[in-house]
Amino acid sequence: MPQSLQEYADWLANRDDLKWPVAPELVTPKATPYLKPLQEIAAVTFSVYGTLLHISDGDLLFDHEQQLRMQIALDKTIQEFNIWNSMSRKPGAPWEYMLTQYRNLLQDQKILGNVAKGEMPETNAFEIWKRLIERLQKNEYTFEESFYGDLDDFSLKVAYFFHSSLQGVQAMPGALETLCHLTGRGTKIALFADAQPFTFVQVLRGLASQGTLPPLSELFCQECFCVSYREGVRKPSASLYGRLIARFEQVGIAPQEILHVGTRIRDDLAIAKMFGMKTVLFAGDSLSMQASKEEVRNPDTKPDRLITNLSQLAEILD
C-alpha cells in the first residue's frame, strides 16, 4: 500500500544516507512585548512560516538567489528519484537543464494564475513537479506506484523532497506547548497561511519534535483552515480573509473573536484588522518579520498586541 505523505516524510527522516539543511540559529528582533489581556477571543489563527515554523530565509521559497542552493536541491532530487535517465541529453549538468524547465514552469504559474483583479495568485509546488514528471514520462520515466502512489501522490512527494532539500525547517520554540494550552482553554486553532500541500506535514513533524501530539481533532479546527494553495490566492488577497471569516461564522465565531498571529503587518495583519479581526505581531524571528516603525504606530495598521515568544499568547488570553 502506498505511503501517505506523513509516512513518507517520517521514512525520509529515518534514513542515514541523506543530509538535510537546517534552519539557522533563531535571532529575535529587538522589540518590547505588549501583553495586555484581550477579552472574548474564541479562536486563534496562525501564519506558518516564520510563526509556527522557523525556516531558512524567513519564508518558503520556490527559487533561491544562491544558485548553489538550487543546484544541491535539484541534484539530490534527480538522484533520489532516478530522473536522469529519462531527461533529454542537453549540454551541461543535469541540474542545469532541470533548473531551466523548473523556472519556466514557475514563471508560467505566476503569469497564468487566473485570479480576480487585485488578488495575488499562489504558486503550487505540486503542480510544477507534476508537469515536470509528465514530461519525463514521455521519455519512458516510471516510478514505483506501490510505494509512492499514483502520479499525484508521487508529484507531492517529489515536491516535499525538493523543498526539504532547499530549506531547513523546525518548529518555533514553545509551539506545541502553546497550542495545547490554547486548546485546553477551549480556544479553536486554525492555520491561516500562505502554504503548500506539504506544509501541514511540516507543521506536524515540527510539533512532534517537541512532544507527543494530541489527536488532531483536539488540536486544530481543520474545517476552519484557510491556506493559499487550496484557495488559489495568497496574502494579501482580500478574498482569502473573507473565506476565513465565513468558515468561522459557520461555527458561530465572529471576526472580532478571532485573534490572528503573524509576522507581516502590511501584507497580512493590516488586512486582518480591516476585516475586524484582532491581531498579534510575532516578533520572534528577524528573518521573517516585516514590520516598520510607521506600521506599528499607524492606528490603521498597528497590531493589537506584540509578542516575542509564542508562549506569551497564554498571558494575552488568560
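A residue is taken here as buried when its relative accessible area is under 20%. By this criterion, strand E8, which runs over residues 258–262 of this predicted model, is mostly covered, since 5 of its 5 residues are buried. The covering extends to both faces of the strand, with Ile-258, His-260 and Gly-262 buried on one side and Leu-259 and Val-261 buried on the other. This division follows a general pattern, because in a regular strand the side chains alternate between the two faces of the sheet.

Strand E8 has pairing partners in strands E1 and E9. With strand E1 (residues 43–46), E8 pairs in the parallel sense over 4 bridges, and in this pairing Ile-258 of E8 is the bridge partner of Ala-43. The pairing of E8 with E9 is likewise parallel and likewise comprises 4 bridges, with Leu-259 standing opposite Lys-278 of E9.

One residue of E8, His-260, also belongs to the surroundings of Lys-235, with which it is in contact. Lys-235 is placed in the loop between strand E7 (233–234) and helix H11 (238–250), and despite this loop position it is buried, with a relative accessible area of 2%. When neighbours within four places in sequence are left aside, the residues in contact with Lys-235 include Ser-47, Met-120, Phe-192, Ala-193, Asp-194, Arg-264 and Asp-267. Asp-268 is also among these contacts, and the side chains of Lys-235 and Asp-268 make a polar contact at 3.1 Å. The backbone at this position is also notable: the peptide bond from Lys-235 to Pro-236 is cis, with omega near 15°, and Pro-236 is itself placed in the loop between E7 and H11.

As a point of reference for such backbone features, most residues other than glycine have a negative phi, and most peptide bonds are trans. Against this background, Asp-57 has a positive phi of about 75° although it is not a glycine. Asp-57 is found in the loop between strand E2 (53–55) and helix H2, where it is partly exposed, with a relative accessible area of 31%. A positive phi is also found at Asn-82, for which the value is near 50°. Asn-82 is placed in the loop between H2 and H3 and is exposed, with a relative accessible area of 58%.

Helix H4 comprises 13 residues, 125–137, which at 1.5 Å a residue should span 18 Å, and the end C-alpha atoms of the helix are indeed 18 Å apart, in agreement with that expectation. Within H4, the residues Ala-125, Phe-126, Ile-128, Trp-129, Leu-132, Ile-133 and Leu-136 are buried. These buried residues cover an arc of only 160° around the axis, so that they lie on the same side of H4. The elements that cover them include helix H2 (67–80), helix H3 (94–112) and helix H6 (151–166). At the start of H4, a side-chain oxygen of Asn-124 reaches to within 2.9 Å of the backbone nitrogen of Phe-126, a residue that is itself among the buried ones of the helix.

The cysteines were examined with regard to covalent linkage. A disulfide is a covalent bond between the sulfur atoms of two cysteines, and the structure holds 0 disulfides. Cys-221 is in no disulfide, and the nearest cysteine sulfur, that of Cys-224, is 3.2 Å away. The two cysteines are not assigned as bonded because this separation of 3.2 Å between the sulfur of Cys-224 and that of Cys-221 is too far for a bond, the cut-off for a disulfide being a pair of cysteine sulfur atoms within 2.5 Å. Both residues are nevertheless buried, Cys-221 having a relative accessible area of 5% and Cys-224 a relative accessibility of 0%.

Beyond strand E9, Ser-286 is placed in the loop between E9 (278–282) and helix H13 (293–297). Ser-286 is partly exposed, with a relative accessible area of 38%. When neighbours within four places in sequence are left aside, Ser-286 is in contact with Val-27 and Pro-29. The C-alpha atoms of Ser-286 and Lys-273, residues that lie 13 apart along the chain, are separated by 23 Å.

Terms used: Residues numbered from 1 in each chain as written. Predicted model: local features only at pLDDT ≥ 70, side-chain atom pairs only at ≥ 80, totals over all residues. Heavy atoms only, no water. Buried < 20%, exposed > 50% of the residue type's maximum accessible area, 1.4 Å probe, protein only. Contact = heavy atoms within 4.5 Å. Expected span 1.5 Å × (residues − 1). Arc of directions from axis to C-beta. Polar contact = N/O pair within 3.5 Å; in protein donor to acceptor, adjacent residues only side chain to side chain. Pairing = 2+ DSSP bridges.
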